[in-house]
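The exercises below work through one protein chain, each with a solution in steps. Have the sequence and the model open while you read.

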Amino acid sequence: MAAQDRDPGVDVLLDLDGQVLVVDSKGHYWVRFSVRRVEPSPEQPHGLNYSLTLHGPNAERILGFDNAHAVRNTAGPGGKKEGPADHKHWMGTVRPYRFKNAATLVEDFWFEVDRLLKEKGVI
């Protein structure tokens, strides 16, 4: 990879690996980061395996951005699972996520965490 093609946010994202942060005053909601480098592939072209998750009072995942598996890019029985595996879990639904770069991933994750906590009246 040429120096000008290097994603400067990757190092910051990798530094978050293993972090668990409480995000509400009562300690009921928390986020977890799991990030590691992998060989680039069609499913993980950016060379990262990541999972950024928000958990609720019963430790259930209520929001997550990850690339652990392919997702359907169309609905119905003919929907295909191919291409990048980046996707977002939101309260039981799964939708493809367009990975731009590591910094945008972190920004999008925190935006959705904030939105969900506001929606639930937590903040």
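**Exercise 1. State the order of helices and strands along the chain, and how much of the chain is buried.**

Solution. Read along the sequence, the pattern is α-β-β-β-β-β-β-α. That gives two helices and six strands. The model is a predicted one. Of the 123 residues in the chain, 37% are buried. The exposed area of the chain is about 7500 Å², with carbon and sulfur atoms supplying 50% of it. Among contacts with a separation of 6 or more, 43% are between residues 24 or more positions apart.

**Exercise 2. Describe how strand 4 is paired and how well it is covered.**

Solution.

Step 1. Take strand 3 (residues 48-55) to begin with: it pairs with strand 4 in the antiparallel sense, over five bridges. Within this pairing, leucine 54 stands opposite leucine 63 of strand 4.

Step 2. Look at the turn. The hairpin of strand 3 and strand 4 has five residues between the strands, and alanine 59 there has a positive phi near 70 degrees.

Step 3. Turn to strand 5. Strand 4 and strand 5 run antiparallel and are joined by four bridges. Here aspartate 66 stands opposite histidine 87 in strand 5.

Step 4. Check the cover. Five of the six residues of strand 4 are buried, so the strand is mostly covered.

**Exercise 3. Decide whether asparagine 67 is buried or exposed, and find which backbone atoms lie by the polar atoms of its side chain.**

Solution.

Step 1. Place the residue. Asparagine 67 is in the loop between strand 4 (61-66) and strand 5 (87-90).

Step 2. Classify it. The relative accessibility of asparagine 67 is 2%, and the limit for buried is under 20%, so asparagine 67 counts as buried.

Step 3. Find the polar partners. A polar atom of the asparagine 67 side chain lies 2.7 Å from the backbone oxygen of leucine 48. The backbone nitrogen of tyrosine 50 is 2.9 Å from a polar atom of that side chain. Both distances fall within the 3.5 Å cut-off for a polar contact.

Step 4. List the surroundings. With neighbours within four places in sequence left aside, the contacts of asparagine 67 are Gln44, His46, Leu48, Asn49, Tyr50, Ala85, Asp86 and His87.

**Exercise 4. Count the aromatic pairs, and classify the pair of phenylalanine 33 and tryptophan 110 and the pair of phenylalanine 65 and phenylalanine 109.**

Solution.

Step 1. With ring centres within 6.5 Å as the rule, the count is six aromatic pairs.

Step 2. Phenylalanine 33 and tryptophan 110 are 6.0 Å apart centre to centre, with 50 degrees between the planes, and the pair is tilted. This pair links phenylalanine 33 in strand 2 (residues 30-37) to tryptophan 110 in helix 2 (residues 102-119), 77 residues apart. Phenylalanine 33 is buried at a relative accessible area of 1%, whereas tryptophan 110, at 30%, is partly exposed.

Step 3. The ring centres of phenylalanine 65 and phenylalanine 109 are also 6.0 Å apart, but their planes stand at 90 degrees, so this pair is edge-to-face. Phenylalanine 65 belongs to strand 4 and phenylalanine 109 to helix 2, 44 residues apart. Both phenylalanine 65 and phenylalanine 109 are buried.

Step 4. Put the pairs together: ring pairs link Phe33, Phe65, Tyr97, Phe109 and Trp110 into a cluster.

**Exercise 5. Find which ring the charged end of arginine 115 sits over.**

Solution. The ring is that of tryptophan 90, and the charged end of arginine 115 is 4.4 Å from its centre.

Methods:
Residues numbered from 1 in each chain as written. Predicted model: local features only at pLDDT ≥ 70, side-chain atom pairs only at ≥ 80, totals over all residues. Heavy atoms only, no water. Buried < 20%, exposed > 50% of the residue type's maximum accessible area, 1.4 Å probe, protein only. Polar contact = N/O pair within 3.5 Å; in protein donor to acceptor, adjacent residues only side chain to side chain. Contact = heavy atoms within 4.5 Å. Phe/Tyr/Trp six-rings, centres within 6.5 Å; stacked < 30°, edge-to-face > 60°. Lys NZ or Arg CZ within 6 Å of the ring centre and 35° of its normal. Pairing = 2+ DSSP bridges. Areas by Shrake-Rupley, 256 points an atom, 1.4 Å probe, with all protein chains shown as cover.
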